[in-house]
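Subject: Structure handover

Hi,

Here is the structure I promised to pass on. Have a look at it first, and then read my notes underneath.

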Amino acid sequence: AESDKDKEWFNQHQKLLQVKNDLSGKYKGKNVMVIQAEAYMNFFIGKKINGQAITPNFDKLTKESMYFNNYYHQTAQGRTSDADFSTHASLHPLPTGSVFIRYADHKFDTLPSILKDTGYSPNAFHVYDSSFWNRYTMYKAMNYDKFYSKKDFEIDEPLGWSLGDKSFFRQTLNDLTTEVKQPFYAYMVGISSHHPYNLPPDAVDLDVGEFEGTMFGDYLKSVHYVDEALGELVDQMKKDGLWDNTILMFYGDHDNSIKDKALYEKFLGKPLTDLDMQKIMNQVPLLVHLPDGSRAGTYTEPAGQLDLTPSVMHLLGISTKPYHFMGNDLFSEKPRMVVLRSGAFTDGRVYYIPSEDGTFSKGTCYNLTTGQPTDVNACGPGYTEALNRLNISDQVITYDLIRQWEPQTQEVTTTPSTSN
Ligand code: GP9
């Protein structure tokens, strides 16, 4: 049956996730904090505008953290909820709609729930209405101990859609140190850099020069504000004694919806190819700070949101064996393939960008050694596998296959010993 073939795919993929190295289980029992920053892309990391660093705190952290600069968001129409789903369930979001809304009652192997089973206290924090993206229901299904939503925060720094990330991080750390038992899993979803990015002028100090008064300029200011919030969070974690016993991960959920190539060319000061634009619109940064600051450096192998859950489990020494993950382990040296919901994919050697109508031969296959388009057939085998993965993921989600694959509990039939 089709579902047996799907199960077999996971069995095969699982072997890659079993590869052990010196990071396996090294951070067993540590707290894990995962921050998902709104519309936070990779193209501005390490860049300056008018002599001022856009992300000085992120840049400083890269000196003592692992920075994945070829990390992809794998989202579709479900935007922020898709980033949450692919990060925590290690499956692809759907081609249409949001899994959170459409299939919250289906079974998924999710990081919070797995961590809960091993003694962690998983908690989610997001300053918006708890029903948005059906989070309230989905977070219950994911087994979070508590979802701290808008009603749990004091709106003492009103900004954009809601509360500013500076106050959000501060209040979250307060909850973590006063209410939550350790080890914890803290998942924090920021909101300050949400479209249309118009923060009050006194909230952020960044001279964006020729971009002043444009949405692109406002966007740069908003991500600069989020970077300041990140800097304050790290300082506070040090004061609270959390820094040395917490794995901190910070990544962006999806792009900023600003698609005008000319703006990026102006900002980066060079002409951009279609491949450059593809990367700009799909890469988000991932920063991983290990408690002892080890392994610092820039990691250029392709990776993506689906990889986060198996990778956290690798660090904590929790076996991935019983679960159904499509992602890779970021901490093993195996070559990896990253598939985007559009059907684009890269394996680090080639990069395929699909055509508008999805006909394989009309897409473009880039040879990443030369950066130039090559014979499209060089991407043929990869494309077949990319579509295969997207299909399997869709089937698992739509037909609730993980529930079907659960070991059947034997029905116990008892024969009455007496009759009356
Ligand atoms: C609101 C926030 C927005 O809760 O997560 O999500 P988005 O509009 O970016 O999907």
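Below is what I found, starting with the ligand and then going through the two sheets and some backbone details. Keep in mind throughout that this is a predicted model.

**The ligand site**

Which residues sit around the ligand? The list is Glu-38, Arg-79, Thr-80, His-126, Tyr-128, Phe-132, Trp-133, Arg-135, Trp-161, Ile-191, His-194 and His-254. Three of them are worth a click for their polar side-chain atoms. Thr-80 has one at 2.6 Å from a ligand oxygen. For His-126, a side-chain N or O atom is likewise 2.6 Å from an oxygen atom of the ligand. With His-194, the distance from a side-chain N or O atom to a ligand oxygen is 2.9 Å. As for how covered the ligand is, it exposes 310 Å² when taken alone, and the protein buries 93% of that.

His-194 deserves a second look. The unreviewed UniProt entry carries a "binding site" annotation that covers this residue. In the model, His-194 is found in the loop that runs between strand E10 (184-189) and helix H8 (215-239). Leaving aside residues up to four places away in sequence, His-194 touches Glu-38 and Trp-161, and both of those also appear among the residues around the ligand.

**The 8-stranded sheet**

This one is an open sheet with mixed pairing, and its strand order is E7-E6-E10-E1-E11-E12-E4-E13. At the edges are strand E7 (146-148) and strand E13 (297-299), each of which pairs on one side only. On average, neighbouring strands in this sheet are turned by 15° against each other, ignoring direction.

At the E7 end, strand E6 (residues 121-126) runs parallel to E7, and 3 bridges join the two. If you want a pair to pick out there, Phe-125 has Tyr-148 in E7 as its bridge partner. Two helices are worth displaying along with the sheet. Helix H7 (residues 165-178) lies across strand E1 (31-37), E6, E7 and E10, and runs at about 160° to E10. Helix H11 (residues 308-316) packs on the sheet too, where it touches E1, strand E11 (246-252) and strand E12 (286-289). The direction of H11 makes about 165° with that of E11.

The record has something to say about this stretch of chain as well: the unreviewed UniProt entry annotates residues 30-318 as "domain: Sulfatase N-terminal". Across residues 30-318 the chain is 35% helix and 18% strand. How far apart are the end C-alpha atoms of residues 30-318? They are 12 Å apart.

**The 5-stranded sheet**

The other open sheet to look at has 5 strands in the order E15-E16-E17-E18-E19, with antiparallel pairing. Strand E15 (338-339) and strand E19 (372-374) are its edges, each pairing on one side only.

Going across this sheet, E15 is joined to strand E16 (residues 345-346) by 2 bridges, and the two run antiparallel. Here Val-339 stands opposite Phe-345 in E16. Helix H10 (residues 274-282) packs on this sheet, in touch with strand E17 (350-353) and strand E18 (364-367), and its direction makes about 85° with that of E17.

E17 and E18 pair over 4 bridges in the antiparallel sense, and Val-350 has Asn-367 in E18 as its bridge partner. Between E18 and E19 there are 3 bridges, again antiparallel, with Cys-365 partnered by Thr-374 in E19. E18 and E19 form a hairpin with 4 residues between them. In the turn of that hairpin, Gly-371 has a positive phi of about 75°.

**Backbone details**

Which peptide bonds should you look at? Two of them are cis. One is the bond from Gln-182 to Pro-183, with omega near 0°; Pro-183 is in the loop between H7 and E10. The other goes from His-195 to Pro-196, where omega is near 5°, and Pro-196 lies in the loop between E10 and H8.

Finally, Ala-39 has a phi near 50°, which is a positive value in a residue other than glycine. You will find Ala-39 in the loop between E1 and strand E2 (48-49).

Over to you!

Cheers

Notes
Residues numbered from 1 in each chain as written. Predicted model: local features only at pLDDT ≥ 70, side-chain atom pairs only at ≥ 80, totals over all residues. Heavy atoms only, no water. UniProt positions renumbered as here; feature names shortened; annotations may be inferred. Contact = heavy atoms within 4.5 Å. Pairing = 2+ DSSP bridges. Axes fitted to C-alpha atoms, helices over the stretch in contact; angles between N-to-C directions. Near = heavy atom within 4 Å. Polar contact = N/O pair within 3.5 Å; in protein donor to acceptor, adjacent residues only side chain to side chain. Areas by Shrake-Rupley, 256 points an atom, 1.4 Å probe, with all protein chains shown as cover.
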